[in-house]
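Student: Can we go through this one together? I'd like to ask things as they come up.
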Amino acid sequence: MSKIGKSARTRAEILDAAWNLIAVRGAGTSLTEIASAVGVTRQSIHVHFGSRGGLLLALVRRADERADIRRKIQNALSLPDPIERFRACLSVWFSFVPQIQPVAQDLIRLRATDEDAARAWEDRMNELRHVLRQLIRGLDKAGMLADGWTVTRAADYLWVGCSLENWGLLTRDCGWPPGTAAKTTTQALERALLK
């Protein structure tokens, strides 16, 4: 195997091990623990990612890549019917949430005191907010945005309605099945935002 291929494989193994450990133990998992799980040195993690922050950022971006979330969202955004587009985008997001929830909820918990966790979470949320603004702009252009909403406020409201915090409250704290949480939240957001 070439040196580049081996490096890519090691990087992927580090990210997979980090995801699995953080999902169980939390984002406070040490680089030493991750390195030990992969059979590399802590220094190897620094070579691949530069820092713990670089590792967390690569970790959350890899989750997007593994789920092929960008392609799925773009497919949903390309639907011609505005209502179908709205529903499809939320369906893609709510299908993805259970996959990322174990790690995401810990990043959310730590972001107030952990700059690396905050940076990783903000990176993903900035991308999600961009997609939701794009969705809302399309609905506004189609004349489908309910009266009283600006594009910015509607996109912000949609982002909050889709938040992992709300998802966790419904599925974990209230015991709703994921399908029920997704359907009910989508319907409530649709009623609030669309004509």
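**Working through the model**

Tutor: Tyrosine 157 is partly exposed, with a relative accessible area of 39%. Keep in mind that this is a predicted model.

Student: What makes 39% partly exposed for tyrosine 157?

Tutor: The class runs between the cut-offs of under 20% for buried and over 50% for exposed. Tyrosine 157 has a relative accessible area of 39%, so tyrosine 157 is partly exposed.

Student: Which residue forms an aromatic pair with tyrosine 157?

Tutor: A search of the whole structure finds 3 aromatic pairs. In one of them tyrosine 157 is paired with tryptophan 149, the centres being 5.1 Å apart and the planes at 45 degrees, which is a tilted arrangement.

Student: And tryptophan 149, how is that classed, buried or exposed or in between?

Tutor: Tryptophan 149 is partly exposed, at 26% relative accessible area.

Student: Ok, stepping back. How many helices and strands are there?

Tutor: The protein has 10 helices and 0 strands. Along the sequence the pattern reads α-α-α-α-α-α-α-α-α-α.

Student: What are the box dimensions for the C-alpha atoms?

Tutor: Along the principal axes, the C-alpha atoms fill a box of roughly 55 × 40 × 25 Å. The protein has 195 residues, and 46% of them count as buried.

Student: What share of the contacts join residues at least 24 apart?

Tutor: Taking contacts between residues at least 6 apart in sequence, 68% join residues at least 24 apart.

Student: Give me an example. Where does glycine 26 lie?

Tutor: Glycine 26 is in the loop between helix H1 (3-25) and H2. With 7% relative accessibility, glycine 26 counts as buried. Its C-alpha is 5.8 Å from that of aspartate 106, although the two residues are 80 apart in sequence.

Student: What else is glycine 26 in contact with, neighbours aside?

Tutor: Beyond four places in sequence, the contacts of glycine 26 are Leu21 and Asp106.

Student: And valine 103, which helix is that in?

Tutor: Valine 103 belongs to helix H6. Valine 103 has a relative accessible area of 1%, so the residue is buried.

Student: What does valine 103 touch?

Tutor: Not counting residues up to four places away in sequence, valine 103 touches Trp19, Ile22, Ala23 and Leu59. For leucine 59, the C-alpha to C-alpha distance from valine 103 is 9.5 Å, with their positions 44 residues apart in sequence.

Student: Ile22 came up there. Which residues line the largest cavity?

Tutor: Ile22 is one of them, and the others are Ala27, Thr29, Leu31, Ile34, Arg52, Leu55 and Leu56. The search finds 1 cavity of 30 Å³ or more in the whole structure, and the largest cavity has a volume of about 40 Å³.

Student: Which helices supply that cavity lining?

Tutor: Helix H2 (31-38) and H4 each supply at least two residues of the lining. H4 gives the most, with 3 residues. By class, the lining of the largest cavity divides into 6 nonpolar, 1 polar and 1 charged.

Student: Now the pocket. How much space lies in the largest one?

Tutor: About 300 Å³ lies in the largest pocket. Its lining has 22 residues, and the closest to the pocket centre are Asp64, Ile69, Trp93, Phe96 and Arg124.

Student: Which helix gives the most to that lining?

Tutor: H7 gives the most, with 8 residues. Helices that each supply at least two residues are H4 (52-67), H5 (69-77), H6 (82-110) and H7 (115-141).

Student: How does the pocket lining split by class?

Tutor: The lining of the largest pocket has 15 nonpolar, 3 polar and 4 charged residues.

Student: Let's look at arginine 124. Why is arginine 124 classed as buried?

Tutor: Arginine 124 has a relative accessible area of 8%, and buried means under 20%, so arginine 124 is classed as buried. Arginine 124 is found in helix H7.

Student: What does the side chain of arginine 124 make a polar contact with?

Tutor: The side chain of aspartate 123, through a polar contact of 2.6 Å.

Student: And contacts further along the sequence from arginine 124?

Tutor: Setting aside neighbours within four places in sequence, arginine 124 is in contact with Val60, Arg61, Asp64 and Arg70. Of these, Asp64 is also listed among the residues closest to the centre of the largest pocket.

Terms used. Residues numbered from 1 in each chain as written. Predicted model: local features only at pLDDT ≥ 70, side-chain atom pairs only at ≥ 80, totals over all residues. Heavy atoms only, no water. 1 Å grid on protein atoms, 1.4 Å probe; cavity = no way out; pocket = protein on both sides within 12 Å on 5 of 7 lines; lining within 4 Å. Points joined across faces, edges and corners; volume = space filled by probe spheres on them. Helix = DSSP H or I, 4+ residues; strand = E, 2+ residues; numbered from the N terminus. Nonpolar A, V, L, I, M, F, W, Y, C, P; charged D, E, K, R; others polar. Buried < 20%, exposed > 50% of the residue type's maximum accessible area, 1.4 Å probe, protein only. Polar contact = N/O pair within 3.5 Å; in protein donor to acceptor, adjacent residues only side chain to side chain. Contact = heavy atoms within 4.5 Å. Phe/Tyr/Trp six-rings, centres within 6.5 Å; stacked < 30°, edge-to-face > 60°.
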